Amino acid sequence: MYSGTLGLLDYYGVSQLSADARNAGEFYFHKKAVMEVVDANGNISYVPNNKPIKSEDAEEYFENLNDISESMIYDNSFIKLREISLSYPVWERDWLKVSVNLFARNILVWSQLKGLDPEASQGNNNMTGTFERFSMPGTSSYGFGVNVKF
């Protein structure tokens, strides 16, 4: 999923990732990446990127990342506790039944898109579920009810 929100939060320096990068002294490229290494004979090989970046270069780093749309691609797999409810009978007679219930909706989401709901994406039928930019997270709701049946 393309997440314009997370990319722009990094670009403007207001995400936790950009704050950590500015305050760390030095940091590393946060995506899986390799770097090219040339040995004495001119042979090229690729190794995991372990080159540190200075914190004073964090602004330039995130500006450059913003120019690469692929840097804003995230796995859109998620687990969501969409609704949970509990009902308990309180009183019951032949002609009258009373029960109380509790419910909660949209209370937990486990996803790579921290702070965002993968279901709250934009687009038409060709892009549904793959493009997100400034989407609002789903609201959580909680409730209590009394059911009376007669």
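In this short talk I will go through the overall build of one protein chain and then through a few of its residues.

Before anything else, please keep in mind that what we have in front of us is a predicted model. Let me begin with the chain as a whole, which contains three helices and nine strands, arranged along the sequence in the pattern β-α-α-β-β-β-β-α-β-β-β-β. The radius of gyration is 24 Å, well over the 15 Å that the globule rule gives for 150 residues, so the chain is more spread out than a compact globule. You can set beside this the extent of the C-alpha trace, which along its principal axes spans about 90 × 40 × 30 Å.

Staying with the whole chain for a moment, buried residues account for 27% of the 150 residues, and the accessible surface comes to about 10,900 Å², with 55% of that surface belonging to carbon and sulfur atoms. If we take the contacts between residues at least 6 apart in sequence, 64% of them join residues that are at least 24 apart. As for charge, the chain carries 13 positive and 19 negative side chains, and the centres of these two sets lie 13 Å apart.

Now to the first of the helices. How many of the eight residues of helix 1 are buried? Helix 1, which covers residues 4-11, is mostly covered, with six of its eight residues buried, and these are G4, T5, L6, G7, L8 and D10. What covers them includes strand 1 (2-3), helix 2 (16-23), helix 3 (58-66) and strand 8 (131-132). Just after helix 1 comes G13, which takes a positive phi of about 75°.

G13 turns up again when we look at S18, a residue of helix 2. Leaving out residues up to four places away in sequence, S18 touches L9, D10, G13 and F62. S18 counts as buried because its relative accessibility is 0%, where the limit for being buried is under 20%.

Let me move on to the charged pair. Side chains of opposite charge can pair when their charged atoms come close. In this model there is one salt bridge, and it is formed by E83 and R105, whose closest N and O atoms are 3.3 Å apart. The pair links distant parts of the chain, since E83 sits in strand 6 (residues 78-92) and R105 in strand 7, 22 residues apart. Are the two partners buried, exposed or something in between? E83 has a relative accessibility of 44% and therefore counts as partly exposed, and R105, at 33%, also counts as partly exposed.

Next to R105 in the numbering is N106, which lies in strand 7 (residues 97-111). Most residues other than glycine have a negative phi. N106, however, has a positive phi of about 55° although it is not a glycine. With a relative accessibility of 22%, N106 counts as partly exposed.

Strand 6 also holds F78, and this residue brings us to the loop between strand 7 and strand 8. Setting aside neighbours within four places in sequence, F78 is in contact with W110, S111, P118 and E119. The C-alpha atoms of F78 and Q112 are separated by 7.7 Å, although the two residues are 34 residues apart along the chain. F78 is partly exposed, its relative accessible area being 30%.

One of those contacts, E119, is found in the loop between strand 7 and strand 8. Apart from residues up to four places away in sequence, E119 touches F78, K80 and R82. At 39% relative accessibility, E119 counts as partly exposed. For a sense of distance across the model, the C-alpha atoms of E119 and M35 are separated by 35 Å, with their positions 84 residues apart along the chain.

The last residue on my list is D75, in the loop between helix 3 and strand 6. Its relative accessible area is 41%, so D75 is partly exposed. The C-alpha atoms of D75 and L113 lie 8.1 Å apart, while along the chain these residues are 38 residues apart.

To close, I would ask you to take away two points: the chain is more spread out than a compact globule, and the salt bridge between E83 and R105 links distant parts of that chain.

Methods
Residues numbered from 1 in each chain as written. Predicted model: local features only at pLDDT ≥ 70, side-chain atom pairs only at ≥ 80, totals over all residues. Heavy atoms only, no water. Helix = DSSP H or I, 4+ residues; strand = E, 2+ residues; numbered from the N terminus. Rg over C-alpha atoms; globule rule 2.2 N^0.38 Å. Buried < 20%, exposed > 50% of the residue type's maximum accessible area, 1.4 Å probe, protein only. Contact = heavy atoms within 4.5 Å. Areas by Shrake-Rupley, 256 points an atom, 1.4 Å probe, with all protein chains shown as cover. Lys, Arg positive; Asp, Glu negative; His and termini not counted. Charge placed at Lys NZ, Arg CZ, Asp CG, Glu CD. Salt bridge = Lys/Arg side-chain N within 4 Å of Asp/Glu carboxyl O.
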